[in-house]
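Visitor: I am new to this one and would like to understand the words people use for it. Could you show it to me and take my questions one at a time?

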Amino acid sequence: METLLVVGAGPKAMSVAAKARVLRELGLPAPRVVVVESHAVGGNWLPSGGWTDGQHRLGTGPEKDVGFPYHSTWARGYNRAIDQAMIAYSWASFLVENGSYAEWVDRGRPNPHHHVWAEYLQWVARKAEVDLVTGTVRRIRPAADGWLVSVADGDGSVTEIDTDRLMITGPGHSGRALVDHPKVLSIAEFWDLAGKRRLPPSSRAAVIGGGETAGSAVDELMHHDVLTVSVISPAATIYTRGESYFENALFSDPAKWRALSLRERRDVIRRTDRGVFSVRVQENVLGDNRVHHLQGRVVRVAEQGDGVAVTLRNELRPDQAHVFDLVVDATGGQPLWFTELFDADAADLVELAVGGPITQARLETSIGHDLAVDGLDAKLYLPNLAGVAQGPGFPNLSCLGELSDRVLGGVSTRSMVGAGGGSGERRPGWPQTGPLG
Ligand SMILES: Cc1cc2nc3c(=O)[nH]c(=O)nc-3n(C[C@H](O)[C@H](O)[C@H](O)COP(=O)(O)OP(=O)(O)OC[C@H]3O[C@@H](n4cnc5c(N)ncnc54)[C@H](O)[C@@H]3O)c2cc1C
């Protein structure tokens, strides 16, 4: 049986692990899924994970769970069975099992707090009996027919796992700030202090960033004693996420995505995903005249008196400095964080596959239908970078069921080709087609 190692036990890992189990239960081939997690299942949704205090609410509905949209199309003769079996891992099943389904419905189906979403993911892990390795992935290097992944446990001892396929998830580090200064907080420091009600007193606060991470930080700051909150981003304004049926449908079902031009795809992502505040955060901000937007790219942060001066650059205007007594670096994740784990040989292989030095743009356009980098013999799945090439829902929570279909459908179909007796013949009744697209 092939092994698929997933870095990070977030929603993507849970979706793939639960679906692999369902496929096996239906007698279909699926790899053994091993999930390596440094912290806890759903760790980035817990206060200790450094991205939230756990008390903010999910922006997307929880029905967009590990099986959503429950519409497998690749396994002819088995698709409806897969969809039905995945319902056992749904948000509704979680609530039914812990006795709170009726209450959730009667309360108007509220989006859960982040820490409750983590509880749901932990429930999926238990129910699917996910093969979990506790440790931090430190290094990735190529093996003869896959990858060698070094994992350090809490004591610092390192084990090497040999895997056929590798999937990377998560946004990277939250502990970095623009500069090392007590009044400039990384997002991890911000949530740590906010959770302990120990944020430094501030009258003029600034949040750098215009996306979900910044939105949550602004939302939180409004509950503290501040005179002004300036949101700093390079865009002309703080955009609101488009959340109508038409936008949502493109996230749930990326079938139409590849028919759009690259310019149209980037336009959809700009309006709906990157650098936008959710409607809920915007509604909170709307009624609070302490919140303002400052346009510009931060080029310098320097101590000035009791505060810090932040210099903003805009193309058509001279640089401007603004003084704050608290600055939160909420610029969000680093999409290429995992490349730090590659040894020179792994980096060379990826560079060869993408046609030059590793950049976000090169990787984004090289992601194939199965959400892996095209042109690599050993599969490297990068769903967080699959938005442009495959669909805007793959990096987030919008179509986790489709994500696991793409990843496992490719694996299973390949295995099935050999399952007919080594002659390349396919077993009757098993999928006769490869993945879509
Ligand atoms: C505040 C906030 C709110 C958000 N709300 C929404 C929302 O409502 N809807 C939505 O669609 N998206 C939302 N997002 C985006 C969200 O991050 C992604 O949608 C989604 O969580 C990514 O899931 P994932 O499985 O890739 O990783 P994550 O849930 O981020 O999990 C990654 C895991 O990897 C682990 N890890 C990291 N490095 C290593 C390593 N070296 N070795 C081992 N393990 C490691 C971490 O501990 C973590 O548990 C939000 C993001 C933020 C910051």
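Guide: What follows is a conversation about a predicted model, going from its confidence to its helices, its sheet and a few backbone details.

Visitor: Gladly. What makes you trust the chain, and where is pLDDT under 50?

Guide: The average pLDDT over the chain is 91, and 94% of the residues score at least 70. The stretch with pLDDT under 50 is residues 412–437. The model does have 49 contacts beyond four places in sequence for that stretch. Still, where pLDDT is low, the predicted coordinates should not be read in detail.

Visitor: Let us turn to the helices. Why is α1 called oblique to α2?

Guide: Helix α1 covers residues 11–25 and helix α2 covers residues 79–86; they pack at an angle of about 125°, with their axes 10 Å apart. Roughly perpendicular ends at 115 degrees and roughly antiparallel begins over 145. The angle of about 125° belongs to neither class, so α1 is oblique to α2. Their crossing is right-handed.

Visitor: Which residues of α1 and α2 meet there?

Guide: From α1 come Ser15, Ala18, Lys19, Val22 and Leu23, and from α2 come Ile82, Ala85 and Met86. By class, this contact of α1 with α2 has 6 nonpolar residues, 1 polar and 1 charged.

Visitor: How do you know which of them is the polar one and which is the charged one?

Guide: Lys counts as charged, while Ser is outside both the nonpolar and the charged lists and so counts as polar. Among the residues that meet are Ser15 and Lys19, so Ser15 is the polar one and Lys19 the charged one.

Visitor: And what makes α1 and α5 roughly parallel?

Guide: Helix α5 spans residues 114–127, and α1 packs with α5 at an angle of about 25°, their axes being 10 Å apart. Angles under 35 degrees count as roughly parallel, so α1 and α5 earn that description. Here α1 passes α5 in a left-handed crossing. On the α1 side the contact is made by Pro11, Met14, Ala18 and Arg21, and on the α5 side by Trp117, Leu121, Val124, Ala125 and Lys127. The contact of α1 with α5 divides into 7 nonpolar, no polar and 2 charged residues.

Visitor: Why are α6 and α7 described as roughly parallel?

Guide: The axes of helix α6 (residues 187–195) and helix α7 (residues 212–221) cross at roughly 30° and come within 12 Å. With under 35 degrees as the cut-off, α6 and α7 are therefore roughly parallel to each other. The crossing of α6 and α7 is left-handed. Ile187, Phe190, Trp191 and Ala194 of α6 make the contact with Thr213, Ser216, Ala217, Glu220 and Leu221 of α7. Sorted by class, the contact of α6 with α7 has 6 nonpolar, 2 polar and 1 charged residues.

Visitor: Now the sheet. What makes β4 and β6 edge strands?

Guide: The open sheet has 3 strands in the order β4-β5-β6, with antiparallel pairing. Strands β4 (136–143) and β6 (158–163) each pair on one side only, and they are the edge strands. On average, neighbouring strands of this sheet are turned by 25° against each other, direction ignored.

Visitor: How do you know that β5 pairs with both β4 and β6?

Guide: Pairing needs at least two bridges. Strands β4 and β5 run antiparallel and are joined by 7 bridges, while 6 bridges join β5 (residues 146–152) to β6, also antiparallel. Both counts meet the cut-off, so β5 pairs with β4 and with β6. Arg139 stands opposite Ser150 in β5, and Trp147 stands opposite Thr163 in β6. Strands β4 and β5 form a hairpin, with 2 residues between them.

Visitor: What lies across β4 and β5?

Guide: Helix α11 (residues 344–354) does, running at about 65° to β4.

Visitor: Last of all, which peptide bond is cis, with omega near 10°?

Guide: The bond from Phe68 to Pro69. Pro69 is placed in the loop between β2 (32–37) and α2. Tyr70 lies in the loop between β2 and α2, and Tyr70 has a positive phi of about 50° although it is not a glycine. Arg109 too has a positive phi of about 50° without being a glycine; its place is in the loop between α4 (101–106) and α5.

How values were computed:
Residues are numbered from 1 along each chain as its sequence is written. This is a predicted model: local features need pLDDT of at least 70, side-chain atom pairs count only at pLDDT 80 or more; totals for chains, interfaces and linings use all residues. Side-chain values use heavy atoms; hydrogens and water are left out. pLDDT is the predictor's confidence in each residue, from 0 to 100. Contact means heavy atoms within 4.5 Å. Axes are lines fitted to C-alpha atoms, for helices over the stretch in contact, and angles run from 0 to 180 degrees between N-to-C directions. Helices (H or I, at least four residues) and strands (E, at least two) are DSSP runs, numbered from the N terminus. Angles under 35 degrees count as roughly parallel, over 145 as roughly antiparallel, 65 to 115 as roughly perpendicular and the rest as oblique. A crossing is left-handed if the near helix is turned anticlockwise from the far one by less than a right angle, and right-handed if clockwise.
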